[in-house]
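Me: I would like to go through the labels attached to a model and ask, for each one, what justifies it. Please set the values against the cut-offs as you answer.

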Amino acid sequence: MSTGILIYCFDSDAVQYHRTTNFCIELIKKNLRLPVTVVTNNETRDRINGHDSLVTVNNQQGNSRYYKDKIIPWYNLERCNAYEHSPYDTTILMDSDYFVYTDNLLELIKSKYEFLLHDGVHDLTNRNSFEYNTKSMIPLVWATVTMFKKTALVRKIFDMIIHIKKNYNYFLNLYRIDFRNFRNDYAFAIALHQLGGYSNEYFIPTKMSMLPTDTQILKIDQTGIIYKYGNYINLLQNQDVHVLDKEIPFNE
């Protein structure tokens, strides 16, 4: 039975995602020691290093997001196809800006569960920046890290996610979601709800650590991250983390 990591990476005029992806792959190879498949496009593929395989697609465009006082393109419309894109029996689907400083994710693979993702977040700046309970009628889940196995149940989940994406405006209104752009987090949440309601069997039992966009990354390497928020400077080590800043000062 094969196991590996699946990452999506599409550069845009606003963000060079390949830089984040390359660093992400370095940490995966060091701490998880798993093969990595990257789904990308022709414009980005030659900039990606360290992968074991590439899947090249013509990625859909047209989505956007708010980032640091401006609207930028957001190429996040391919994630619903992860079941087909993954060459592995067991997959950890991961954002390229999720950095693994431990081997904790290997425990997900060992579990009996077919599909797991986070339903809670820990803001490392202690501001609770990611509380979105008033933004919709459905609790948010986080598609940042998703472990899935190729089973009939998981096939149904991804088929539902594809259906939701095709009819996203309908589901936005049905669940009264304030965010009008397409978000995989809500698409995954709606799919789980539509297929029988929320169940703890889908959720990783720990919260996902996150650094908000307005956190300044002072230094980042394979041993940890030094970051600043307000008047405080902190060191993060031995902890997996989702970093939302898209302008990380990598030493390339």
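What follows is a set of questions about helix packing, burial and backbone angles, each with its reasoning.

Reply: Before the first question, please keep in mind that this is a predicted model.

Me: Why is helix 4 called oblique to helix 6?

Reply: The axes of helix 4 (residues 152-166) and helix 6 (residues 184-194) cross at roughly 120° and come within 9 Å of each other. Roughly perpendicular covers 65 to 115 degrees, and roughly antiparallel begins over 145. An angle of roughly 120° belongs to neither class, and therefore helix 4 is oblique to helix 6. As for its hand, the crossing of the two helices is right-handed.

Me: Which residues make that contact, and how do they divide into nonpolar, polar and charged?

Reply: Helix 4 contributes Ile157, Phe158, Met160, Ile161 and Ile164, while helix 6 contributes Ala187, Phe188, Ile190, Ala191, Leu192 and Gln194. Of these residues, 10 are nonpolar, 1 is polar and none is charged. Gln194 is not on the list of residue types that count as nonpolar or charged, and so it falls among the polar ones.

Me: What makes helix 6 largely enclosed by the rest of the structure?

Reply: The description rests on a count, because 9 of the 11 residues of helix 6 are buried. The buried residues are Asn184, Asp185, Tyr186, Ala187, Phe188, Ala189, Ile190, Ala191 and Leu192. Their cover includes strand 6, strand 8 (115-118), strand 10, helix 4 and helix 5 (168-174). Just after helix 6, Gly196 takes a positive phi of about 135°.

Me: Where does helix 6 stand in the largest nonpolar core?

Reply: That core has 85 residues, and those with the most contacts inside it are Met94, Phe99, Phe115 and Ile225. Helix 6 supplies the largest share of this core, 7 residues. For one of the residues with the most contacts, Phe99, the partners beyond four places in sequence include Phe23, Leu27, Ile220, Ile225, Val241, Val243, Ile248 and Phe250. As a general tendency, nonpolar side chains in soluble globular proteins are buried together.

Me: How do you know that Thr90 and Thr144 count as buried?

Reply: The cut-off for buried is under 20% relative accessible area. Thr90, in strand 6 (residues 90-94), has 8% relative accessibility and therefore counts as buried. Thr144, in strand 10 (residues 142-149), has 2% and so counts as buried as well. Leaving aside neighbours within four places in sequence, Thr90 is in contact with Ser2, Thr3, Gly4, Ile109, Met147, Phe148 and Lys149. On the same basis, Thr144 is in contact with Arg79, Leu93, Met94, Asp95, Tyr98, Asp185, Met208 and His242. One of these partners, Asp185, is itself among the buried residues of helix 6.

Me: Why is Val121 called buried, whereas Leu174 is called partly exposed?

Reply: Val121, which is found in strand 9, has a relative accessible area of 12%; this is under the 20% cut-off, so Val121 is buried. Not counting residues up to four places away in sequence, Val121 touches Phe130, Trp142, Lys207, Met208 and Met210. Leu174, which lies in helix 5, has a relative accessible area of 42%; because this value sits between the limits of 20% and 50%, Leu174 is partly exposed. The C-alpha atoms of Leu174 and Ile138 are 9.9 Å apart, although the two residues are 36 apart in sequence.

Me: What makes Asn128 and Asn238 exposed, and what is the phi of each?

Reply: Exposed requires over 50% relative accessible area. Asn128 has 54% and therefore counts as exposed, and Asn238, with 64%, is exposed because its value also passes that limit. Asn128 is found in the loop between strand 9 (121-123) and strand 10, whereas Asn238 lies in the loop between strand 14 (232-236) and strand 15 (241-243). The phi of Asn128 is near 55°, and that of Asn238 is about 55°, a positive value although the residue is not a glycine. Most residues other than glycine have a negative phi.

Terms used
Residues are numbered from 1 along each chain as its sequence is written. This is a predicted model: local features need pLDDT of at least 70, side-chain atom pairs count only at pLDDT 80 or more; totals for chains, interfaces and linings use all residues. Side-chain values use heavy atoms; hydrogens and water are left out. Axes are lines fitted to C-alpha atoms, for helices over the stretch in contact, and angles run from 0 to 180 degrees between N-to-C directions. Helices (H or I, at least four residues) and strands (E, at least two) are DSSP runs, numbered from the N terminus. Angles under 35 degrees count as roughly parallel, over 145 as roughly antiparallel, 65 to 115 as roughly perpendicular and the rest as oblique. A crossing is left-handed if the near helix is turned anticlockwise from the far one by less than a right angle, and right-handed if clockwise. Contact means heavy atoms within 4.5 Å. Buried means under 20% relative accessible area, exposed over 50%, partly exposed in between (1.4 Å probe, protein chains only). A nonpolar core is a set of buried Ala, Val, Leu, Ile, Met, Phe, Trp, Tyr and Cys residues joined through side-chain atoms within 4.5 Å.
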